[in-house]
Amino acid sequence: MKSKVNLAILMISVLFTTFGCSKQNESIETEPYNGKSLHIGIIGEEPNVREEHIQFTGVDFTDLQEVENFDAIFITKENLKEADKAQYATVYNNSPRPFLFIETQKGYVPFVNEKVDFENYPDVDSGAYAYLYDSKSKKYWGYGLYNDVVNEKNILDVYSRIFETIEDLSVPN
């Protein structure tokens with residue numbers, strides 16, 4: 001009888017260990033961005049963020065020449081096809097502010113290279129949720145979701161990390 005109880009306890013322990021270790025976390029707890037206040041121009045719908053000191057202002061493509069009032073410009077997924085037009089590549093490559101391309105499967109290249117077509121450019125298998133491009137440094141950053149899981153916590157984390165990069169890149173207004 002005692003050996004049956006011990007066997008049952010052993011089997012239950014093995015099951016808990018197996019299932020507990022094999023399940024990947026879908027998100028992790030991260031701290032929100034707590035740096036300086038940022039003013040972001042956005043083409044598209046304003047994202048939900050946990051930071052209250054981030055101000056979004058809606059802009060359109062005709063406003064891209066007037067970016068001095070912003071710390072960065074975000075372009076949402078619904079506007080990426082328009083963002084690919086050749087005339088905007090010059091803007092992205094000469095802007096004093098970084099541009100964020102949200103939910104693009106194509107990376108940042110189709111936007112900054114006027115000879116590359118967004119529709120025909122291959123998908124980039126990087127797992128990035130968004131790409132930030134800074135023309136001053138000629139650098140880009142890809143921001144992935146934790147464990148590649150699309151959920152609210154992971155998206156909030158991505159925006160917090162993006163805000164940190166923008167603060168690092170920002171110039172005094």
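Val-112 has a relative accessibility of 15%, so it counts as buried, the cut-off being under 20%. This residue sits in helix H4. Once neighbours within four places in sequence are set aside, Val-112 is in contact with Ala-89, Tyr-92, Asn-93 and Tyr-133. Back along the chain, Asn-94 is 18 residues away from Val-112, and the two C-alpha atoms are 9.9 Å apart. All of this is read from a predicted model, so a word on confidence comes next.

The average pLDDT of the chain is 86, and 84% of the residues reach at least 70. The stretch 14-23 is another matter: its pLDDT is below 50, and beyond near neighbours in sequence it makes zero contacts in the model.

Now for the overall layout. The chain holds five helices and six strands, and reading from the N terminus the elements come in the order α-β-β-β-α-α-β-α-β-β-α. The chain has 173 residues, 40% of which count as buried. Its accessible surface is about 10400 Å², with 51% of that belonging to carbon and sulfur atoms. Among contacts with a separation of 6 or more, 60% are between residues 24 or more positions apart.

The six strands form an open sheet, ordered E2-E1-E3-E4-E5-E6, and the pairing is mixed. Strand E2 (54-58) and strand E6 (139-144) are at the edges; each has a single partner strand, so one side of each has no neighbour in the sheet. From one strand to the next, the twist averages 25°.

Strand E3 (residues 72-75) has E1 and E4 beside it in the strand order. With strand E1 (residues 38-43), E3 pairs in the parallel sense over four bridges, and here Ile-43 is found opposite Ile-75. E3 and E4 also run parallel, joined by three bridges, and in this pair Ile-75 stands opposite Phe-101. Side chains in a regular strand alternate between the two faces of the sheet. In E3, both faces turn out to be covered: Ala-72 and Phe-74 are buried on one side, and Ile-73 and Ile-75 are buried on the other.

Helix H3 lies across E3, E4 and strand E5 (128-134), and its direction makes an angle of about 125° with E4. Which residues of H3 are buried? They are Tyr-88, Ala-89, Val-91, Tyr-92 and Asn-93. Residues three or four places apart in an α-helix point the same way, because there are 3.6 residues a turn. The buried residues of H3 pack against three strands, E3, E4 and E5, and also against helix H2 (80-83) and H4.

Asn-93, in helix H3, is worth a closer look. Its side chain reaches back to the backbone oxygen of Ala-89, at 2.9 Å. Not counting residues up to four places away in sequence, Asn-93 touches Val-112, Tyr-133, Ser-135 and Lys-138. Val-112 and Tyr-133 also touch each other, and Ala-89, whose backbone oxygen takes the side-chain contact from Asn-93, is on the contact list of Val-112 as well.

Just past the helix comes Ser-95, in the loop between helix H3 (86-94) and strand E4 (99-102). Buried or exposed? Ser-95 counts as buried, because its relative accessibility is 4%. A polar atom of the Ser-95 side chain lies 3.0 Å from the backbone nitrogen of Arg-97. Beyond four places in sequence, Ser-95 is in contact with Val-67, Ser-135 and Lys-136. Ser-135 is thus on the contact list of Ser-95 and on that of Asn-93.

A second loop, between helix H4 (109-112) and E5, holds Asp-117. Asp-117 counts as partly exposed, because its relative accessibility is 35%. The side chains of Asp-117 and Asn-120 are joined by a polar contact of 2.9 Å. Asp-117 is also 8.7 Å from Ala-86, C-alpha to C-alpha, although 31 residues separate the two in sequence.

Definitions and conventions: Residues are numbered from 1 along each chain as its sequence is written. This is a predicted model: local features need pLDDT of at least 70, side-chain atom pairs count only at pLDDT 80 or more; totals for chains, interfaces and linings use all residues. Side-chain values use heavy atoms; hydrogens and water are left out. Helices (H or I, at least four residues) and strands (E, at least two) are DSSP runs, numbered from the N terminus. Buried means under 20% relative accessible area, exposed over 50%, partly exposed in between (1.4 Å probe, protein chains only). A polar contact is a pair of N or O atoms within 3.5 Å; within protein, one must be able to donate a hydrogen and the other to accept it, and residues adjacent in sequence count only if both atoms are side-chain atoms. Contact means heavy atoms within 4.5 Å. Accessible areas come from the Shrake-Rupley method with a 1.4 Å probe; for residues, only the protein chains shown count as cover. Two strands pair if DSSP finds at least two bridges between them. Axes are lines fitted to C-alpha atoms, for helices over the stretch in contact, and angles run from 0 to 180 degrees between N-to-C directions. pLDDT is the predictor's confidence in each residue, from 0 to 100.
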